[in-house]
Amino acid sequence: MVTLAPAGTRRHAVIDSPVGPLTLVRDERGITGLYFPHHWTKPDPAGFGPRVDPSDDPGFADVITQLGEYFAGTRQTFDLPLAPDGSDTERELWGLLGEIPYGRTTTYAALAQQMSGPVSPLEAGKMVGRNPLSILVACHRVVGAGGKLAGYAGGLPRKRYLLDLEHTHDEHSTDPGLW
């Protein structure tokens, strides 16, 4: 179970990426958020703590390096301390997101079926949308029935970009209907 960090320990940095600026939020436990501009479920930025220059805060170095490798197509998994805040049910679902292989997709219904308690596909979709660690915990790999692109906190063009990026760099990708 992830616990909340003491007040005042969070800080954030904004970095450039191929999908636009990304806001990274961290505390002593690890990365607590990765958000796009106009993110659907972006929490109040006042909870991000002060903005810092990432070069002045070594706690951002690994996530920035690994994101760069991901966008270059040389990294398929992230090895970072992640500390998302959410309910036990949300964290269970976000854990399932972390198990979706690079270059593959699953559906909201399939995620709902994997949950330990009763969760509808709609509820699963809402929890996917509340994932505070976009890209790092790959919610872009979840699609609607029949492979239809549906919902993404960063917008469907970003979701398409990330799926295409992974498909391009994964020689084992066989997902039908998306590419």
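In the predicted model, Arg-158, Lys-159, Leu-162, Leu-163, Leu-165 and Glu-166 of helix α5 are buried. When the helix is viewed down its axis, these buried residues fall within an arc of 155 degrees, so they line one face of α5. The partners against which the buried residues of α5 pack are α1 (61–72), α3 (108–114) and β5 (142–143), whereas the face turned away from the buried side carries Pro-157 and Thr-168, both of them exposed. The helix itself comprises 14 residues, from 156 to 169, and its first and last C-alpha atoms lie 20 Å apart, close to the 20 Å expected at 1.5 Å a residue.

Strand β2, which covers residues 22–26, has five of its five residues buried and is therefore largely enclosed by the rest of the structure. From this strand, Leu-22, Leu-24 and Arg-26 point one way, while Thr-23 and Val-25 point the other way, and all are buried.

Strand β2 pairs with two strands, considered here in turn. With β1 (residues 11–15) the pairing is antiparallel and extends over five bridges, and Arg-26 of β2 serves as the bridge partner of Arg-11. Six residues separate the strands in the hairpin of β1 and β2, where Gly-20 adopts a positive phi near 100 degrees. With β3 (residues 31–35) the pairing is likewise antiparallel, over four bridges, and Gly-33 in β3 is the bridge partner of Val-25. The hairpin formed by β2 and β3 has four residues between the strands, and Gly-30 in its turn shows a positive phi of about 150 degrees.

Definitions and conventions: Residues are numbered from 1 along each chain as its sequence is written. This is a predicted model: local features need pLDDT of at least 70, side-chain atom pairs count only at pLDDT 80 or more; totals for chains, interfaces and linings use all residues. Side-chain values use heavy atoms; hydrogens and water are left out. The expected span of a helix is 1.5 Å times one less than its number of residues. Buried means under 20% relative accessible area, exposed over 50%, partly exposed in between (1.4 Å probe, protein chains only). The arc is that of the directions from the helix axis to the C-beta atoms. Contact means heavy atoms within 4.5 Å. Two strands pair if DSSP finds at least two bridges between them.
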